[in-house]
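Open the model in your viewer, keep the selection tool at hand, and follow along stop by stop.

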Amino acid sequence: EQVLNRMKSAKVLVRVGIGVDNVDLAKAGSLGIYVANVPDYGVEEVADSTMSLLLNLMRYTFHASYRLNDNQCVTEKAKEGLRLRGKVLGLVGFGKIGKAVAMRAKPFGLDIVFYDPYLEDGVDKSLGVRRVDTLKELITQSDILSLHCYLDERNRNIINEESLQWIKPSGCYFINTARGGLVDEAALLRTIQRGRLLGVALDVQNQEPYPRDGPLLSPTLTNVIITPHSAFLSKDSFIEIRTKAALEVKRVLMGGKPRNCVNASFLQLKSKL
């Protein structure tokens with residue numbers, strides 16, 4: 001609020017990214033300042049990274065490479081890997097990234113199922129995937145569970161001790177490239193240690209950067225991959241996000257409105273000379 005109050009002549013504030021939880025949308029609106037974001041930033045990169053992590057987990061590529069770097073030619077783990085075709089990929093959230101993951105996963109022969117209570121009917125039919133009505137229904141049938149939803153107070157720790165109990169008896173793989181706060185990491189660790197999770201890949205964590213002595217980095221957890229919130233990064237995405245953010249500014253300075261305004265309900269537009 002203090003920063004916004006000093007922006008006497010500002011017309012638009014563009015978040016160079018997706019999340020706007022660090023902007024007081026109501027205050028900006030009361031001052032007549034548009035707030036915009038770049039909602040499709042990193043969609044392709046995160047979807048590509050999700051598939052990369054999925055393949056690494058199910059084919060034990062990371063584990064095999066790690067062992068070779070440790071001068072151990074170990075193939076036993078690879079025998080535990082699963083064939084992708086026919087396995088159920090459960091997606092929590094089916095927005096831009098969830099759909100992009102589904103389109104990448106279908107050619108591998110994965111059976112795509114999603115849970116998203118906020119989407120209108122018919123999305124599943126138009127894309128040739130399946131939809132379930134509850135998170136429990138999704139988890140109980142998933143061979144791979146992947147998170148692709150926003151974080152808010154309604155879904156914080158949506159993956160917790162209770163929901164992890166719903167994993168099918170044969171176990172499942174778990175991937176999170178969305179937000180760390182969606183997962184109760186203590187409950188996740190206990191589930192890994194009990195052997196219910198066949199493999200886990202986390203690009204996001206509750207604490208970032210993740211502590212070097214964090215329990216999920218234990219060398220005993222050979223089926224866990226931790227990456228430093230980098231799934232959205234690429235040379236292409238960096239150019240794209242800056243270009244799109246600049247175009248939003250240009251639209252407003254040319255007398256128009258931003259394409260991706262996120263505080264429209266709060267706006268009280270005033271003349272600013």
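The tour below moves from open space to packed interior, and then to some individual residues. Keep in mind that this is a predicted model.

**Stop 1: the largest pocket**

Begin by selecting I18, C149, Y150, L151 and R179. Of the 46 residues that line the largest pocket, these lie nearest its centre. The pocket holds about 1300 Å³ of space. Two elements, α3 and α5, give two or more residues to its lining, and α5 provides the largest share, with three residues. Try colouring the lining by class: you should find 25 nonpolar, 12 polar and nine charged residues.

**Stop 2: helix α5**

Stay with α5 and select residues 96–105. Which residues of this helix are buried? They are I97, G98, A100, V101, A102 and A105. In an α-helix there are 3.6 residues a turn, so residues three or four places apart point the same way. Now show what covers the buried residues of α5: α3, β3 (88–92) and β4 (111–115) are among the elements there.

**Stop 3: the enclosed cavity**

The structure holds one cavity of 30 Å³ or more, and about 80 Å³ of space lies in it. To find the cavity, select N56, L57, Y60, T222 and N223, the closest to its centre of the 12 lining residues. Then add α3 (43–59), α4 (61–69), β8 (197–202) and β9 (224–226), the elements that each give two or more residues to the lining. How does this lining divide into nonpolar, polar and charged residues? Seven are nonpolar, five are polar and no residue is charged.

**Stop 4: the largest nonpolar core**

Next, select I159, F174 and L188. In the largest nonpolar core, which has 32 residues, these three touch the most other members. Elements giving two or more residues to this core include β6, β7 (172–176) and α9 (185–193), and the largest share, four residues, comes from α9. Centre the view on L188 and look beyond its neighbours up to four places away in sequence: L188 touches L164, F174, V183, L197, V200 and L202. There is also a second, separate core of 30 residues, with L53, L89, I144 and A231 among its members.

**Stop 5: helix α9 from end to end**

Now show the whole of α9. Its buried residues are E185, A187, L188, L189, T191 and I192, and their cover includes α8, β7, β8 and β9. At the start of the helix, select D184, where a side-chain oxygen reaches to within 3.2 Å of the backbone nitrogen of A186. Then move to G195, just after α9, which takes a positive phi of about 85°.

**Stop 6: the loop between β6 and α8**

Go to N155, in the loop between β6 (144–147) and α8 (161–164). Is N155 buried or exposed? N155 counts as buried because its relative accessibility is 13%, below the 20% cut-off. Its side chain reaches the backbone nitrogen of D152 at 2.9 Å. Leaving out residues up to four places away in sequence, N155 touches C149, Y150 and L182; C149 and Y150 are two you selected at the pocket centre.

N157 is found in the loop between β6 and α8 as well. With a relative accessible area of 30%, N157 is partly exposed.

**Stop 7: backbone angles to check**

Most residues other than glycine have a negative phi, and most peptide bonds are trans. With that in mind, check N157, where phi is near 55°, a positive value. Then select H229, in the loop between β9 and α10; H229 has a positive phi of about 50° although it is not a glycine. For a cis peptide bond, zoom in on E208 and P209, where omega is about 0°. P209 is found in the loop between β8 and β9.

**Stop 8: a link across the sequence**

Finish at K244 in helix α10 (residues 235–253). Draw a C-alpha to C-alpha distance from K244 to P39: they are 205 residues apart in sequence and 9.9 Å apart in space. Which residues does K244 contact, leaving aside neighbours within four places in sequence? The contacts are with V38 and D40. K244 itself is partly exposed, with a relative accessible area of 27%.

Technical notes:
Residues numbered from 1 in each chain as written. Predicted model: local features only at pLDDT ≥ 70, side-chain atom pairs only at ≥ 80, totals over all residues. Heavy atoms only, no water. 1 Å grid on protein atoms, 1.4 Å probe; cavity = no way out; pocket = protein on both sides within 12 Å on 5 of 7 lines; lining within 4 Å. Points joined across faces, edges and corners; volume = space filled by probe spheres on them. Nonpolar A, V, L, I, M, F, W, Y, C, P; charged D, E, K, R; others polar. Buried < 20%, exposed > 50% of the residue type's maximum accessible area, 1.4 Å probe, protein only. Polar contact = N/O pair within 3.5 Å; in protein donor to acceptor, adjacent residues only side chain to side chain. Contact = heavy atoms within 4.5 Å. Core = buried A, V, L, I, M, F, W, Y, C linked by side-chain atoms within 4.5 Å.
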